[in-house]
Amino acid sequence: MPRSERIVENLNAALHKVFAEDERAYLIGEDLADPYGGAFKVGRGLSTKYPERVLSTPLSENGLLGVANGLALTGNTVIAEIMFGDFAFLAFDQIVNFAAKSVSMYGSRQPLRLVVRCPVGGHRGYGPTHSQAVQKHFLGVPDLALYELTPFHDSADVFAEMAERREPCLHFEDKTLYGRRRWVDGTDELFEFGFAGPRREYGTAVPRVGATDVDCVIVSTGGTAPLALEAARRLFLEAEIVCRLVVPSRLYPFDPGPVESMLAGARRIVVVEEGVAGGTWGADVADEIYRRLWPSLRDRVRLVHSRASVIPSAAHLERDVLVQAEDIEKAVREAPER
């Protein structure tokens with residue numbers, strides 16, 4: 001696989017591209033001004049280059065989303081940064097009750113170009129209130145689209161797609177991905193990486209040997225993709241189980257159409273997400289697969305979640321709670337081969 005930039009660099013470049021191409025683009029959030037550039041440096045350089053369009057705020061999630069909504073409603077493109085996705089609950093009313101509803105409640109469709117960036121997930125030792133995967137709490141809201149940062153996708157393409165929707169979008173960003181390098185088209189010593197769908201909305205990885213006879217499809221969200229690839233690598237080398245990894249960039253609305261043929265041909269299907277079970281994206285994906293592929297399924301769709309627990313700060317305890325590659329490997333091995 002060709003060497004690529006780190007994901008945080010790709011994301012930062014995507015924001016610079018938005019600002020360069022759209023003079024009505026704004027970035028708003030806490031501590032965004034250089035040299036800090038935000039808690040994870042995603043906004044680095046923007047306040048220096050565009051000082052009038054980067055609004056660095058104090059702790060005020062509900063307030064800054066209110067300002068973001070106003071800017072977006074008056075025709076601007078607004079990217080709001082929630083420092084940790086856990087704090088999006090503080091702005092739940094502005095996101096769900098105001099931004100999403102504003103698209104359609106004024107008598108005619110009102111474009112609202114707002115992207116709310118939410119760093120999520122654990123594995124960093126940040127503890128119970130800074131480590132959650134909060135995606136499921138925003139699922140199923142009309143006119144509110146959910147996207148997720150992945151190791152596959154070019155963030156510039158994803159941000160262009162979100163702007164085209166002309167409706168508010170949440171962009172979940174697993175913190176463990178920021179420092180990783182992107183997976184781009186090509187191969188490593190074992191896997192071939194590529195895309196599926198007319199807009200390359202699904203990233204895929206499959207062993208170069210055995211790709212025509214896949215035993216299992218693992219569908220995973222952005223932050224769990226590296227864990228799923230680690231599990232798939234071990235399963236292939238140790239048990240000759242061929243797994244295809246499928247990673248969507250958009251969680252909701254979810255359209256499995258571009259990968260339906262891949263799912264239909266698999267003996268086993270495993271869906272992985274870091275959140276805890278109950279009303280989740282993974283459950284919705286499984287339901288969609290059942291409705292489309294029930295006659296051809298050979299086994300139930302297996303779901304992998306984190307344990308229903310607060311997330312500890314101590315590394316060894318956090319590891320016991322959050323999804324690990326071993327959990328994914330176990331789910332694949334337990335599924336019958338029929």
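**Exercise 1: Strand β5 and its partners**

Task: On each side of strand β5 (residues 145-148), which residues are buried?

Solution:
1. On one side you find A145 and Y147, and both are buried, that is, under 20% relative accessible area with a 1.4 Å probe and protein chains only (over 50% is exposed, in between is partly exposed).
2. The other side holds L146 and E148, which are buried as well, so both faces of β5 are covered.

A word on the model before you go on: it is predicted, so local features need pLDDT of at least 70 and side-chain atom pairs pLDDT 80 or more, while totals for chains, interfaces and linings use all residues. Numbering starts from 1 along each chain as its sequence is written, and side-chain values use heavy atoms, without hydrogens and water.

Task: Which strands pair with β5, and in which sense, parallel or antiparallel?

Solution:
1. Start with the terms: strands (E, at least two residues) and helices (H or I, at least four) are DSSP runs numbered from the N terminus, and two strands pair if DSSP finds at least two bridges between them.
2. Strand β6 (residues 169-174) runs parallel to β5, and 4 bridges link the pair. To see one of them, look at Y147, whose bridge partner in β6 is H171.
3. Now follow the chain from β5 to β6: it passes through helix α5 (residues 155-165), and this β-α-β crossover is right-handed. That word means that, with the strands pointing away from the viewer, the path from the first strand over the helix to the second runs clockwise.
4. Strand β12 (residues 250-252) is antiparallel to β5, with 2 bridges. Here L146 has Y252 as its bridge partner.

**Exercise 2: The largest cavity**

Task: How many cavities of 30 Å³ or more does the structure hold, and what lines the largest one?

Solution:
1. There are 5 such cavities. A cavity is a set of points on a 1 Å grid over the protein atoms alone where a 1.4 Å probe fits but cannot get out, and lining residues have an atom within 4 Å of a point.
2. The largest cavity has a volume of about 90 Å³, where volume is the space filled by probe spheres set on the points, which are joined across faces, edges and corners.
3. Its lining includes A133, K136, E148, T221, L251 and W281. E148 is also one of the buried residues of β5.
4. Strand β13 (residues 268-276) contributes the most to this lining, with 4 residues.
5. By kind, the lining has 4 nonpolar, 4 polar and 4 charged residues. Ala, Val, Leu, Ile, Met, Phe, Trp, Tyr, Cys and Pro count as nonpolar, Asp, Glu, Lys and Arg as charged, and the others, Gly among them, as polar.

Task: Is T221 buried or exposed, and what does T221 touch?

Solution:
1. Locate T221 in the loop between β10 (216-220) and α6 (225-239).
2. T221 counts as buried because its relative accessibility is 6%.
3. Contact means heavy atoms within 4.5 Å. Setting aside neighbours within four places in sequence, the contacts of T221 include E148, L251, E273 and W281.

**Exercise 3: An open sheet and a buried valine**

Task: In what order do the strands of the 7-stranded open sheet lie?

Solution:
1. The order is β7-β8-β9-β11-β10-β13-β14, with mixed pairing.
2. β7 (186-187) and β14 (302-306) are the edge strands, each pairing on one side only.
3. Inside the sheet, β8 (residues 191-196) and β9 (residues 202-207) are antiparallel and share 6 bridges; F193 is matched with A205 in β9.

Task: Where is V301, and which residues does V301 touch?

Solution:
1. V301 sits in the loop between α8 (281-293) and β14.
2. At 5% relative accessibility, V301 is therefore buried.
3. Not counting residues up to four places away in sequence, V301 touches I269, V271, A286, I289 and Y290.
4. From V301 to V271 there are 30 residues in sequence, yet their C-alpha atoms are 7.3 Å apart.

**Exercise 4: Backbone details**

Task: Which peptide bonds described here are cis?

Solution:
1. The bond joining D34 and P35 is cis, with omega about 10°; P35 is in the loop between β1 (25-30) and α2 (46-49).
2. The bond from Y252 to P253 is cis too, with omega near -5°, and P253 lies in the loop between β12 and α7 (260-264).

Task: What is phi of D31, and what is phi of H123?

Solution:
1. D31, which is not a glycine, has a positive phi near 55°. With 40% relative accessibility, D31 counts as partly exposed.
2. H123, also not a glycine, has a positive phi of about 70°. H123 belongs to the loop between β4 and β5.

How values were computed:
On a 1 Å grid over the protein atoms alone, a cavity is a set of points where a 1.4 Å probe fits but cannot get out, and a pocket is an open set with protein on both sides within 12 Å along at least five of seven lines; lining residues have an atom within 4 Å of a point.
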